[in-house]
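Work through the exercises below with the model open. Try each task before reading its solution.

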Amino acid sequence: MARRVAIVGTGQTDHRSHRPDVNGREMIYEAVKRALDDCQLSIHDIDAIIIGNMDHFESINYVDTWSVEGSGAVMKPIMKVTTGGTTGASVAIAAYYHVASGFFDKVLAIGWEKNSESDTTAAIITCSDPVWDRAFYSGAIPSLATEASAYMKQYGATQEDAARVAVRDRTNALSNPHAHLRKPITIEDVMASPMLAYPIKLLDVCPRTDGAAAVVFAADGVAQKIAPKPAWIRACAARHTYSWFGDVDYNAGLLSLQRASKEAYQRAGIREPADEIDVAELYLPYSYAGLKWIEDLGFCGPGEGPGFIRDGHTDMGGKIPVNPSGGVISTNCIGATALLRVAEAAMQVMGKAGQRQVPDVEVALATGFGGCFWSDVLILGKARP
Amino acid sequence: MDNIAIVGVAQTKYERRKKDKTYYDLVFEMTKGVLEDSGLTLEDIDNVITVSNDFLDGRTISSMAVGEAAGAGDKNISTVEGDGTFGAFYGAMRVLGGFNTTLVVAHSKGSEGDVKHITNGMFDPIFQRLLGLEAISASALQANAYMDRYGVREESFARVSVKNHANAKNNPYAHLPMELTIEDVMASQKMADPIKLLDCSPVSDGAAAIIIANEAHARKAKTKPVWIKGIAHCAEEYFLGDRDLTNPKSLRDAAKRAYAMAGIADPLKSLDVVELYDAFSYMEPLWLEGLGLCNPGDGPKLLDDGITTMSGALPVNPSGGVLSSHALLVAGLARIIEAVLQLRGEAENRQVEGAKTGLAHGINGPCGQSHCVWILGTEK
Amino acid sequence: MTVNLNQVESLTLQGQIAVPYTWWVGRVGSRFLIALRDEAKIIGNRCNRCNTVYVPPRGNCGSCFEDIDQFVEVSNEGVVSAYTVVRFKYPLQPVDTPFAYALIHLDGADVSLAHIIKADLDKLKNGVRVRALFKERSERTGHILDIDSFQII
């Protein structure tokens with residue numbers, strides 16, 4: 001029988017474009033210390049650790065064994081889980097199963113990246129098949145630009161619609177002391193920023209960030225003793241649907257997110273996501289995703305994304321606030337990015353989100369995006385499931 | 001722990017260069033193979049764990065290449081980067097955590113990259129990597145320390161190589177079945193003292209898969225279930241100079257917890273067969289010490305006394321071990337598969353008669369910094 | 001069209017991943033490399049809780065999981081605790097073979113430092129005393145190989 005599992009503590013670094021003062025291992029240590037402090041545990045209370053990042057961003061092979069001093073895994077079980085952009089969420093889901101399985105009571109999930117140490121694009125273009133895709137269609141921007149232009153053609157969305165998403169997230173980041181980009185921007189700023197690949201402009205996309213995140217998971221019975229109001233894991237689901245960018249049907253919506261969220265809603269008993277979910281932390285690596293993917297999540301109908309955003313439903317104080325943390329457009333330490341979504345959702349449920357707290361959060365949703373249009377979904381709740 | 005079992009296994013032949021197949025092809029072949037072995041269909045599988053490494057595959061997000069090949073298009077999926085024993089452990093967690101059946105598949109094509117460059121990448125870029133350390137020279141430091149500490153002779157390591165390459169002759173999947181003498185090993189090319197060419201495992205191409213199922217789904221499979229009795233993993237310090245390389249304390253810890261889970265008090269008595277990760281010949285006796293099968297320093301004696309030979313009381317690596325076939329990451333999963341075949345009684349010429357309890361073992365990181373220990377049994 | 005795949009030539013594609021890296025050493029590690037560069041000295045640090053002196057120094061003790069702030073100078077001399085004479089050639093090796101890797105337990109440290117020994121390899125054994133041979137000041141850049149090698153005393 002699977003055990004119930006809750007998040008009892010979170011920690012993250014103050015995210016920056018580069019962190020010259022620490023090496024990767026020391027940066028991980030910072031986040032882990034903060035997570036342990038948050039739930040008043042010592043590293044000696046932790047039974048197992050899961051860590052994730054992207055190998056070629058720092059060129060460390062076997063990050064699990066390299067990290068032990070910073071991750072706290074000296075004489076402890078540790079394993080590495082890595083799935084591209086979804087890594088942070090995949091690490092969180094792995095932590096869930098470490099505990100749900102009954103093998104471990106208190107588990108630490110870590111995601112990190114020091115993007116300043118490499119050429120992110122030189123590394124990311126190697127994600128696609130060396131024989132078929134790599135030479136001409138690779139990296140993050142070309143496929144996302146394809147998705148965006150297809151969406152615009154399909155539903156008449158505009159560049160200004162997308163800019164509104166970037167402005168929302170960047171505005172929210174002003175209330176998050178950990179966020180990397182904390183300077184307000186306007187729709188005009190986005191429109192005037194350099195074009196990278198039509199229709200994506202510089203201010204439509206995420207930055208490169210140095211940072212780490214750590215989240216403590218605990219078993220039913222243990223969790224309540226650590227945190228008075230733990231954030232229970234109500235559901236998790238993942239779909240890594242495609243292997244080749246050429247196989248993606250850009251007019252069918254984000255299939256992996258449709259499927260993963262459908263399963264997660266079913267497990268959590270959610271029928272009307274926009275009504276039943278109080279806050280969503282979405283892995284939106286670029287602004288256009290903020291229009292389209294909320295449709296795939298069922299927050300609104302197909303093609304209704306731009307209107308839903310324009311009407312302010314996803315703003316703080318709206319029907320379903322999206323990305324109170326400032327989201328990926330404000331902070332993107334890739335291996336940590338999806339775990340930061342989970343951490344923020346947990347903080348919102350636990351009432352620990354400070355100035356960016358959404359009032360009375362009962363249910364929160366977190367997503368990860370990566371690989372070849374892949375999605376991971378977690379649903380967290382205040383009520384013990 | 002609820003009863004969970006391994007109900008299907010598949011592995012490729014391990015060889016120097018599988019030039020006719022991409023790793024996508026290998027994973028697809030293994031996915032079909034493991035379903036066929038188990039008698040289950042892809043519909044019976046509700047989640048997938050792939051095991052791969054971006055350095056080995058020369059690719060960021062190496063798992064992107066194989067999800068579809070593993071039949072995971074519309075299934076829950078994740079990826080463990082590390083040895084297959086660790087990936088399979090996560091697979092087992094997911095069955096105990098609510099799934100019915102996990103398919104675990106690992107691949108590696110050592111022939112497509114440069115394994116020395118890749119293992120150099122294990123060492124931190126600031127203090128160790130620029131010295132040029134990689135797996136062979138780092139392991140040589142460990143072998144040297146081990147010999148010095150306990151007065152072990154190089155011939156004792158050579159004897160392991162002789163035994164395991166001979167065992168490999170009974171394993172149709174093995175890369176290097178060989179009839180060797182101690183003199184052959186001793187006279188082979190010096191790599192990094194005391195390690196010689198025939199003390200090293202080869203670089204192999206290969207893939208493997210298993211299916212782990214809960215009790216209800218184990219009944220659906222056509223195979224004789226092999227029950228998972230205990231699993232544990234543990235890591236120790238990172239810097240080579242921080243560690244006592246002669247004391248595999250993380251293995252000791254993992255073994256202790258795996259035995260406790262399986263209710264084993266005296267492993268030497270309880271275990272019938274061991275498949276361990278002997279990437280270099282000296283590792284077999286050292287890991288046997290870490291597994292608590294003898295006192296520290298007595299590892300070589302187990303072979304000298306014939307205990308770990310095919311006819312001994314506790315055969316170790318009847319398959320020929322990693323020394324005879326080393327597809328990185330896959331090798332740990334292969335240890336589990338070999339233990340499963342032994343317990344099913346399907347290990348053919350390498351069968352240990354009447355094997356009921358088996359141990360499989362895998363490692364991550366330099367010089368066995370992190371270990372994973374599996375105890376498998378024929379009885380629930 | 002059915003093709004007999006056994007008659008198709010198996011092609012390969014040559015390539016490599018070319019990603020440039022700039023690793024941040026961090027302030028603690030920088031202190032160590034700067035001491036190598038500017039003073040030809042080896043610096044470690046001591047965990048206040050377990051008193052272990054680490055070389056190279058690090059931001060925190062892995063076992064106690066506490067910050068370390070106390071730097072200590074250790075000796076440029078020490079004892080070989082493990083070694084291997086490397087015979088095979090490989091492009092990432094910083095010197096020609098044969099040479100040795102050694103774990104060197106420096107006087108004043110509690111852990112060993114991995115480094116290189118180039119000369120007198122026939123005299124090498126565990127327990128032998130060695131001393132750091134630094135490169136000339138003008139050649140030192142703040143790099144682990146600012147110590148050219150260790151020499152048997």
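Two strands count as paired if DSSP finds at least two bridges between them. Keep that cut-off in mind; the model is predicted.

**Exercise 1. Strand β3 of chain A and its partners**

Task: Find which strand of chain B is joined to β3(A), and in which direction the two run.

Solution.
- Step 1. Count the bridges. β3(A) and strand β3 (residues 76–81) of chain B share 2 bridges. The cut-off is at least two, so the strands pair.
- Step 2. Read the direction. The two strands run antiparallel.
- Step 3. Locate the partners. A:Lys80 is bridged to B:Glu81, and A:Val81 to B:Val80.
- Step 4. Look within chain A. Strand β2 (residues 48–52) runs parallel to β3(A), with 3 bridges between them. Here A:Ile50 is opposite A:Met79.

Task: Decide whether the faces of β3(A) are covered or open.

Solution.
- Step 1. Take one side of residues 78–81. A:Ile78 and A:Lys80 are buried there.
- Step 2. Take the other side. A:Met79 and A:Val81 are buried too.
- Step 3. Conclude. Both faces of β3(A) are covered.

**Exercise 2. The contact between chains A and B**

Task: State how many residues each chain brings to the contact, and which element of chain A gives the most.

Solution.
- Step 1. Count both sides. Chain A puts in 51 residues and chain B 49 residues.
- Step 2. List the elements of chain A that supply at least two residues each. They are α2 (55–58), α3 (63–66), α4 (68–71), β3, α5 (87–100), α6 (120–124) and β8 (231–239).
- Step 3. Pick the top contributor. α5(A) gives the most, with 6 residues.
- Step 4. Sort the chain A side by character. It holds 26 nonpolar, 17 polar and 8 charged residues.

**Exercise 3. Two domains in chain A**

Task: Describe how domain 1 of chain A meets domain 2 of chain A.

Solution.
- Step 1. Set the bounds. Domain 1 covers 5–120 + 209–226, and domain 2 covers 129–207 + 235–381.
- Step 2. Place the centres. The C-alpha centres of the two domains are 23 Å apart.
- Step 3. Count the contact. 34 residues of domain 1 touch 34 residues of domain 2.
- Step 4. Name the elements on the domain 1 side that give two or more residues: β1 (5–12), α5, β4 (106–114) and β7 (210–219) of chain A.
- Step 5. Find the largest share. α5(A) provides it, with 8 residues.
- Step 6. Sort by character. The domain 1 side has 13 nonpolar, 17 polar and 4 charged residues.

**Exercise 4. The overall form of chain A**

Task: Test chain A against the rule for a compact globule.

Solution.
- Step 1. Take the expected value. For 385 residues, a compact globule would have a radius of gyration near 21 Å.
- Step 2. Compare. Chain A has 19 Å, which agrees.
- Step 3. Add burial. 67% of its 385 residues count as buried.
- Step 4. Add the secondary structure. Chain A has 16 helices and 11 strands.

**Exercise 5. The sheet of chain C**

Task: Work out which strands stand at the edges of the sheet of chain C, and why one side of each lacks a neighbour.

Solution.
- Step 1. Write the order. The open sheet of 3 strands runs β2-β1-β3, with antiparallel pairing.
- Step 2. Find the edges. β2 (53–54) and β3 (70–74) of chain C each have a single partner strand, so one side of each has no neighbour in the sheet.
- Step 3. Check one pair. 2 bridges join β1(C), residues 42–46, to β2(C). C:Arg46 is opposite C:Val53.
- Step 4. Add the helix. α1 (residues 26–39) of chain C packs on the sheet and touches β1 and β3 of chain C. Its direction makes about 150° with that of β1(C).

Notes
Residues numbered from 1 in each chain as written. Chains lettered and ligands numbered in written order. Predicted model: local features only at pLDDT ≥ 70, side-chain atom pairs only at ≥ 80, totals over all residues. Buried ≥ 20, exposed ≤ 12 C-beta atoms within 10 Å, placed from the backbone. Helix = DSSP H or I, 4+ residues; strand = E, 2+ residues; numbered from the N terminus. Contact = placed C-beta atoms within 7 Å. Nonpolar A, V, L, I, M, F, W, Y, C, P; charged D, E, K, R; others polar. Rg over C-alpha atoms; globule rule 2.2 N^0.38 Å. Axes fitted to C-alpha atoms, helices over the stretch in contact; angles between N-to-C directions. Domains from an automatic or database assignment.
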